[in-house]
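This report introduces a protein structure to a reader who has not met it before. Please view the sequence and the structure before reading on.

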Amino acid sequence: MISSPSLPLETPTPAHICPFDQACSYLDQAGKELKLEAGLLEILSNPRKVVTVSIPIKRDNGDIQVLAGHRVQHCDILGPYKGGIRYHPAVSLREVSALAMLMTWKCALVGIPYGGAKGGIAINPKTYSVGELERISRRYISELIKDIGPEVDIPAPDMGTSAREMAWMMDTYSVNMGHAVPGVVTGKPISVGGSRGREMATGRGVMITVREALADRGQSLKDAKIAIQGFGNVGGAAAFLLHQAGAKIIAVSTGSGGVYSELGLDIPALLTYAKENRRNLVGFPEAKPISNPDLLALPCDVLIPAALENQITDENVDRIKADIIAEAANGPVTLQADQTLTARGVTILPDILANAGGVVVSYLEWVQGLSFLFWDEQRVNQEMEELMVRAYREVIAQSKQRKIPLRLAAYVLGVGRVAQALRDRGLYP
């Protein structure tokens, strides 16, 4: 088993669901399948750089608060580091390190020239004013100014951040450089160099992989029963696009609970309702309330966990009745639950494939920003679909060739490409 680097744990996590240990376990499995040397795996399991910065801010009431901001850069063998910045109370250095590693494999899997990175601050953004969030974002990126850049490390939005935060970060970096640098972040507003199609990109990628997986089973999206845990940017976009394609979305939820209808929910109306009610879905007409645990246990063709990690564990895996699970969130199925579901014949579309649409369109935004030539949404969506479908087909082919589950096949492809690049560049004998 690969040894983990000695990363501090700000928030202790039970060993069986520790994100970093789980990420290393998947790397270990891929290494065994590829017959990689122990030394090479040791290199791949350790982030290349870990940065923690102090972020002093003045609250609106005059109080001074000092926050810790993290940025983990895992591997840049294929190109600049790439990865989101999240604002969430559960952010820890170990979690961010795991997500940075997953970004490395994800970028390699979909064939874009990036390495993996991730950043975050352990705050609940809902408890801060817009002005406070702006001060936090600007100070955070100022502290990282020597570690990021369009050819070094390109942050993007993640949980708790959005185009607004990316615009603040781009502006702060640009002021320090003395000129506008649109390529320093992706996921920006279109007015400052963002890409059309970026907001819906991760959800669109989920829709594409679900569509392809259903087609391989002889089914179509039309009338497929789908349950979605999470109704934020990713879950909401996936629900809208799947509903638009004819799927029957029977349940969706947020952290405070969800709604269910056997006949299918009116997703455009529900999105409007959620916006008007601060993301509270309960009370939506012609729908019954449902808890998050009960949503996960619904009989359905496709279950899409689009919220937090570790939602399907060995404690609730026996309740899962879906034929396909599409991991729109990062790590929503634990290692033990994954093994149980795979043995039962459930198709699991792994996170490094299913939710890769966001980083694909981030790459396309970066390309547009560097060239100062911007495309219409149809071209962006077409370019993204080609990359997503190709990656899906390669995973399916690898799975059949090696007779291994889809998750392991995805990791074999991603890890194998990074390992080969290390050898080709002479960085591993």
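How many bridges join strand β3 to β4? Five bridges link strand β3 (residues 81–87) to β4, and the two strands run parallel. The model discussed here is predicted.

**Strand β4 and its neighbours**

Within the pairing of β3 and β4, Ile-85 stands opposite Gly-119 in β4. Strand β2 (residues 64–75) also pairs with β4, in the antiparallel sense and over six bridges. There, His-70 is placed opposite Gly-120 in β4. The pairings described in this report that involve β4 or β9 are set out below.

| Strands paired | Sense | Bridges | Residues opposite each other |
|---|---|---|---|
| β2 and β4 | antiparallel | six bridges | His-70 and Gly-120 |
| β3 and β4 | parallel | five bridges | Ile-85 and Gly-119 |
| β8 and β9 | antiparallel | three bridges | Val-259 and Pro-289 |

A helix also belongs to this region: β3, helix α3 (residues 93–110) and β4 form a β-α-β unit that is right-handed.

Is β4 buried or exposed? Seven of the seven residues of β4 (residues 115–121) are buried, so the strand is largely enclosed by the rest of the structure. In a regular strand, side chains alternate between the two faces of the sheet. Both faces of β4 are covered: Gly-115, Ala-117, Gly-119 and Ile-121 are buried on one side, and Gly-116, Lys-118 and Gly-120 are buried on the other.

**The seven-stranded sheet**

Elsewhere in the description, an open sheet of seven strands follows the order β9-β8-β7-β6-β10-β11-β12, and its pairing is mixed. At the edges stand β9 (288–290) and β12 (347–349); each has a single partner strand, so one side of each lacks a neighbour in the sheet. From one strand to the next, the twist averages 20 degrees. Strand β8 (residues 257–260) pairs with β9 in the antiparallel sense over three bridges, and Val-259 has Pro-289 in β9 as its bridge partner.

**The protein as a whole**

The protein contains 14 helices and twelve strands. Its radius of gyration is 21 Å, which agrees with the value near 22 Å for a compact globule of 429 residues. Along the principal axes, the C-alpha atoms fill a box of roughly 55 × 55 × 45 Å. Of the 429 residues, 58% are buried. Among contacts between residues at least 6 apart in sequence, 68% join residues at least 24 apart. The protein exposes about 17200 Å², of which carbon and sulfur atoms supply 53%.

Conventions: Residues numbered from 1 in each chain as written. Predicted model: local features only at pLDDT ≥ 70, side-chain atom pairs only at ≥ 80, totals over all residues. Heavy atoms only, no water. Buried < 20%, exposed > 50% of the residue type's maximum accessible area, 1.4 Å probe, protein only. Helix = DSSP H or I, 4+ residues; strand = E, 2+ residues; numbered from the N terminus. Pairing = 2+ DSSP bridges. Right-handed = clockwise from strand over helix to strand, strands pointing away. Rg over C-alpha atoms; globule rule 2.2 N^0.38 Å. Contact = heavy atoms within 4.5 Å. Areas by Shrake-Rupley, 256 points an atom, 1.4 Å probe, with all protein chains shown as cover. Axes fitted to C-alpha atoms, helices over the stretch in contact; angles between N-to-C directions.
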